[in-house]
Amino acid sequence: MYLPSAIVLLCLAIHNTGANIVRQPEQCDSGYCLPKHLCPTGSVEDAPTLGQSDSITLRVDEESECGDFMKICCSASSLTPVPNDAVPKADQECGMSNPQGLVYNVESNLTYAKYAEFLWTVAIFQISFSLKNMVLTYVGGGTLIHPKFVVTAAHTLKKPHRYVARFGEWNIKSDAEIYPAQDIGIQEHILHPSFHDLCTPENDIALAVLKQSVIYTPHIRPLCLPSPQDVFDGQRCIATGWGLDVRTKQPAPIMKRIELIVVPRALCQTLYQVADADSSFRLHRSSMCARAADLQDTCDKDGGTPMACPKEDGSYVLAGITSWGLDCGKPDAPGVYVDVAKFACWITDTIEGYEELHAEE
């Protein structure tokens, strides 16, 4: 959400945009630290035999001598090259999730999204340099809606900073996922012309234009846009992201899965008038509200992340974008989200206009 915070999450792992390559694995007591999908039996000499129906158990709270629950110490006298299999491409159908996730069976005391469950969620990092080394600082999220465009909250992207969008992320502290993330620089960001960066942002929406097109894979696909007439009052929806986890009071290392119930506009406005002791408060027409249905909630550094609502056919649409709120995890003041249906025409018109302008390129 758009809340004051000193939380800075540095991503130290290296993510490549090609096939998954193990780079200089660390040594451990009996061999080398490798991703579990490359060493399911604990011995690197045994070739991985993962099939379509196979899964690898990950215990999030498990102690590992490799310092990463997604890695295992593989017994080996020497490390032989690991086959570099290409990630299969996927179709471009939007809004289709992987309800059971892919590859991993995740066991945890806390509930997180499954690996590749919500394929459209994007992590956005600000680029800076320290002693000639590039540092990526997590600043918020976005939604993949087009091979060259990500939709996010306007307040997430500040000029003149440089940003990179990461696709296919799940565990932000690990580089051991079976499919690699794609890191693509943001060429420019197009803010809504009526965006106002006030204490409660208005028209808080922007399009991030990517330097190159995303390659759709089994763990990276776009989310559908809603129709301008869509209304989601009372619906149960899902927000995802890596912002502050209200359960641990720490930035979430694994993608959060937050169930939300959309609150009717009139009720939300009344709740804010009471919670903020301000009878003159008016919820801006570009916004909608949703309250957490469980112990989670969207919070600091979740700005720009998607709130996806299901359709009758099981697919999802982008109903809301995390914008701001009074206090995380408090039911008396629902979170405020951009009402994407009100901007559906602006999004499609802007993308079409940009493509026409840059057609020769």
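**Exercise 1.** Leaving aside its neighbours within four places in sequence, which residues is Tyr 104 in contact with?

*Solution.* A quick note on the ground rules: this is a predicted model, where local features need pLDDT of at least 70, side-chain atom pairs count only at pLDDT 80 or more, and totals for chains, interfaces and linings use all residues. Residues are numbered from 1 along each chain as its sequence is written, and side-chain values use heavy atoms, with hydrogens and water left out.

Step 1: contact means heavy atoms within 4.5 Å. Step 2: with the sequence neighbours set aside, Tyr 104 is in contact with His 37, Ile 56, Leu 58, Met 70, Tyr 115, Ala 176, Glu 177 and Ile 178.

**Exercise 2.** Find which element gives the most to the largest nonpolar core.

*Solution.* Step 1: a nonpolar core is a set of buried Ala, Val, Leu, Ile, Met, Phe, Trp, Tyr and Cys residues joined through side-chain atoms within 4.5 Å. Buried means under 20% relative accessible area, exposed over 50%, and partly exposed in between (1.4 Å probe, protein chains only).

Step 2: the largest core has 49 residues, and Tyr 104, Trp 170 and Ile 321 are among those that touch the most other members. Step 3: elements supplying at least two residues each include β7 (121-130), β19 (316-324) and α2 (344-357). Here helices (H or I, at least four residues) and strands (E, at least two) are DSSP runs, numbered from the N terminus. Step 4: α2 comes out on top, with 4 residues.

**Exercise 3.** Work out how strand β10 (residues 162-167) sits in the structure.

*Solution.* Step 1: 5 of the 6 residues of β10 are buried, so the strand is largely enclosed by the rest of the structure. Step 2: look for partners, where two strands pair if DSSP finds at least two bridges between them. β7 and β10 pair in the antiparallel sense over 5 bridges, with Ile 127 opposite Arg 162. β10 also pairs with β11 (residues 182-191), again antiparallel, over 4 bridges; there, Arg 166 has Asp 183 as its bridge partner.

Step 3: pick a residue in β11, say Ile 186. Ile 186 counts as buried, at 10% relative accessibility. Beyond four places in sequence, the residues Ile 186 touches include Ile 124, Tyr 163, Val 164 and Ala 165.

**Exercise 4.** Track down some unusual backbone geometry.

*Solution.* Step 1: most residues other than glycine have a negative phi, and most peptide bonds are trans. Step 2: the bond from Lys 159 to Pro 160 is cis, with omega near 5°, and Pro 160 is in the loop between β9 and β10. Step 3: Lys 132 has a positive phi, near 70°, and is exposed at 83% relative accessibility.
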